[in-house]
Amino acid sequence: MPTRKNPEDDLPEDRPEDEEEDDEDDEIPAGGLCPICESPAGECDHLVATIDLTYSEFVAGAIFVHERVILDLVEHLAASDPDALKVAGAGPVLEHVASLVRDETEEGVSAADAVAICYPQLMAALSHMMQEEEDVTATGIDAATGDDSSVENLWAQEPEWVVERLIERLQGLIEEVDEEGRDEGRGTKD
Ligand SMILES: [Zn+2]
């Protein structure tokens with residue numbers, strides 16, 4: 001690993017760095033270790049998701065087996081009316097994705113392509129939604145050399161539960177949004 005001089009080292013603020021790493025010739029960056037049990041990613045049962053931020057995909061974790069379900073749900077939401085999402089209480093991050101998608105479609109891009117264009121934001125929204133669960137901790141690994149991807153790991157005591165909660169929330173939002181579409185003109189509910 002190249003030693004990089006950090007100009008911020010001279011700052012008065014004393015920020016302790018992970019110096020323990022030095023005494024071991026460990027290839028695993030700090031972000032690749034489970035914050036709960038300190039196992040490397042993939043060697044314990046605490047990994048909710050590993051998100052490849054460069055390629056906008058899940059590459060590991062409890063979420064992996066449910067990947068298709070979750071992506072179908074969130075793609076549906078991303079292509080929904082941002083205002084309906086707001087009414088449904090989807091939260092600003094998901095609303096933002098939907099408004100980006102709408103901007104694209106208003107410029108003539110097909111809905112599917114618009115969702116594809118906004119995939120980085122869509123993955124970020126999913127990550128955000130999972131991190132809203134109390135139990136979830138995120139660690140990041142930045143691409144070091146350029147041929148690597150930046151990766152985000154999400155961890156929890158019960159990853160399956162977090163994934164189930166995410167699916168439930170997405171399904172609930174879709175029900176609300178679709179209902180909103182049907183009820184249009186019947187006035188707002190509170
Ligand atoms: Zn663990």
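Let's start with a pair of strands: β3 and β4 pair in the antiparallel sense, over five bridges. One of the residue pairs here is easy to find, since A138 has L154 of β4 as its bridge partner. Please keep in mind that this is a predicted model.

**The sheet**

From that pair we can widen the view. The sheet is open and has four strands, arranged in the order β2-β1-β4-β3 with antiparallel pairing. At its edges lie β2 (57–60) and β3 (137–141), each of which pairs on one side only. From one strand to the next, the twist averages 30°. As general background, strands of a sheet pair through backbone hydrogen bonds, in either a parallel or an antiparallel way.

Here are the strand pairs side by side:

| Strand pair | Sense | Bridges | A facing pair of residues |
|---|---|---|---|
| β3 and β4 | antiparallel | five bridges | A138 and L154 |
| β1 and β4 | antiparallel | five bridges | L47 and W155 |
| β1 and β2 | antiparallel | three bridges | D52 and E57 |

Is β1 largely enclosed or largely open? Five of its six residues are buried, so β1 is largely enclosed by the rest of the structure. The hairpin of β1 and β2 has four residues between the strands, and S56 takes a positive phi near 55° there.

**The whole protein**

Stepping back, you will find six helices and four strands in the protein. Along the sequence they follow the pattern β-β-α-α-α-α-α-β-β-α. Of the 190 residues, 25% count as buried. Among contacts with a separation of 6 or more, 57% come from residues 24 or more positions apart.

**Helix α5 and its covered side**

Now for the helices, beginning with α5. This helix spans residues 119–131, which makes 13 residues, and reaches 18 Å from its first C-alpha to its last, close to the 18 Å expected at 1.5 Å a residue. Which residues of α5 are buried? They are L122, M123, A125, L126, M129 and M130. These buried residues cover an arc of only 155° around the axis, which puts them on the same side of α5. Their cover comes from both strands and helices, including β1 (47–52), β4 (151–155), α1 (67–78), α3 (92–106) and α6 (159–182).

**Where α1 meets α6**

Two of those helices, α1 and α6, also meet each other. Their axes come within 10 Å and cross at roughly 35°, and the crossing is left-handed. On the α1 side, the contact is made by V69, I70, L73, V74, H76 and L77. On the α6 side, the residues are L166, I167, L170, Q171, L173, I174 and V177.

**A loop residue to visit**

Our last stop is Q157, in the loop between β4 and α6. How many other C-beta atoms lie within 10 Å of Q157? There are 14, so Q157 is partly exposed; a buried residue would need 20 or more, and an exposed one would have 12 or fewer. Leaving aside residues up to four places away in sequence, Q157 touches I36, H46 and D135. I36 is 121 residues from Q157 along the chain, yet the C-alpha atoms of these two residues are separated by 7.5 Å.

Notes:
Residues are numbered from 1 along each chain as its sequence is written. This is a predicted model: local features need pLDDT of at least 70, side-chain atom pairs count only at pLDDT 80 or more; totals for chains, interfaces and linings use all residues. Helices (H or I, at least four residues) and strands (E, at least two) are DSSP runs, numbered from the N terminus. The expected span of a helix is 1.5 Å times one less than its number of residues. The arc is that of the directions from the helix axis to the C-beta atoms. Two residues are in contact if their C-beta atoms, placed from the backbone, lie within 7 Å. Two strands pair if DSSP finds at least two bridges between them. Axes are lines fitted to C-alpha atoms, for helices over the stretch in contact, and angles run from 0 to 180 degrees between N-to-C directions. A crossing is left-handed if the near helix is turned anticlockwise from the far one by less than a right angle, and right-handed if clockwise.
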